[in-house]
Amino acid sequence: MDGTPPALRLFVFHHAGGSHVTYRHWPGLLPERWDVRLLDAPGRGRLGDLPQLDDAGRLADFFLRRLEGELREGPCAFFGHSMGALVAYEMTVQLAAKGGRLPVWLGLSARGAPPARGEERHHHDLPDAELQTHLELLGGTPDEVFDNPDLWALYGPLIRGDMRLVETWRPRPGTPALPVAVSVFGGRQDRSVPPERLAGWARHTERFLGLRVLDGDHFYFQDDPGPLLEWIRRDVAAALDSTAAVSW
């Protein structure tokens, strides 16, 4: 980008066991005047030298401190897939609780609305063979990670830590609905996150833009991100228009 301020900063948060690499083509497929920031959680990608965080509140706080200046510079939006959706939501809740500047839009993908008592199943405690079977059903993990013991020894603990983060997180009692435009996305064939759990996010925002169910499984956008990115463009534009109208 040139010296012109971006029309929007879109921060993208990755799934459990992942990194920014899955989303590396997105900046070139979204509007030119958007500054699309692909983030890594500690312990992987560009932050591979940092210790992993397996607590959602601490990871949200890590990102908020790291992005503090940028979040104040202009309109921003958060998009998170699976674990990333939980982190993006937790960040927004923390900002709202502190009276901070909120994103104009929050996109939550392949992550069910928070159950009051947390997740019932703890996949992160499964034996290796059962955990690998679960991950194969979800998709998104290269087969060579399962087939190569050395790769599994490297990535298995990282995946378990991320799943522990997701499965031990609990919503704070009495958390108010967010005053932020929220869109929810999921795959029609995703057996791990049924539509009713996705639709439950409507209770957690005052401005629910809708549930967008697209063809595919848990990683419905991996082969062709086009339909998802088109919805992101539309919904962010609607959120920006709504924000501008309110400001008048």
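How many salt bridges does the structure hold? The count is 13, in what is a predicted model. The tour reaches one of them after a look at the sheet.

**Stop 1: the sheet.** Display the strands as a cartoon. There are 6 of them in an open sheet, paired in parallel, and the order across the sheet is β2-β1-β3-β4-β5-β6. Colour β2 (34–38) and β6 (205–214) separately: these are the edge strands, and each has a pairing partner on one side only. Viewed down the sheet, neighbouring strands are turned against each other by 15° on average, with direction ignored. Strands of a sheet pair through backbone hydrogen bonds, either parallel or antiparallel.

**Stop 2: β1 and β2.** Select residues 8–13, which make up strand β1. This strand runs parallel to β2, and 5 bridges join the two. To find one bridge position, pick Val12, whose partner in β2 is Leu38.

**Stop 3: a side-chain link between these strands.** Show Arg9 and Asp35 as sticks. Their side chains meet in a salt bridge, with an N to O distance of 3.2 Å. Because Arg9 belongs to strand β1 and Asp35 to strand β2, the pair ties together parts that are 26 residues apart in sequence.

**Stop 4: a charged patch.** Switch to a surface view and select Glu136, Asp143, Glu144 and Asp147. Together these residues form a negative surface patch. Which helix gives the most to the negative patch? Helix α6, spanning residues 143–147, does so with 3 residues. Now select residues 128–138 to bring up helix α5, where Glu136 lies.

Key: Residues are numbered from 1 along each chain as its sequence is written. This is a predicted model: local features need pLDDT of at least 70, side-chain atom pairs count only at pLDDT 80 or more; totals for chains, interfaces and linings use all residues. Side-chain values use heavy atoms; hydrogens and water are left out. Patches are made of residues with over 30% relative accessible area and no salt bridge: like charges are joined within 9 Å, nonpolar side chains (Val, Leu, Ile, Met, Phe, Trp, Tyr) within 5 Å. Accessible areas come from the Shrake-Rupley method with a 1.4 Å probe; for residues, only the protein chains shown count as cover. A salt bridge is a side-chain nitrogen of Lys or Arg within 4 Å of a carboxyl oxygen of Asp or Glu. Lys and Arg count as positive and Asp and Glu as negative; His and the chain ends are not counted. The place of a charge is taken as NZ of Lys, CZ of Arg, CG of Asp or CD of Glu. Helices (H or I, at least four residues) and strands (E, at least two) are DSSP runs, numbered from the N terminus. Two strands pair if DSSP finds at least two bridges between them. Axes are lines fitted to C-alpha atoms, for helices over the stretch in contact, and angles run from 0 to 180 degrees between N-to-C directions.
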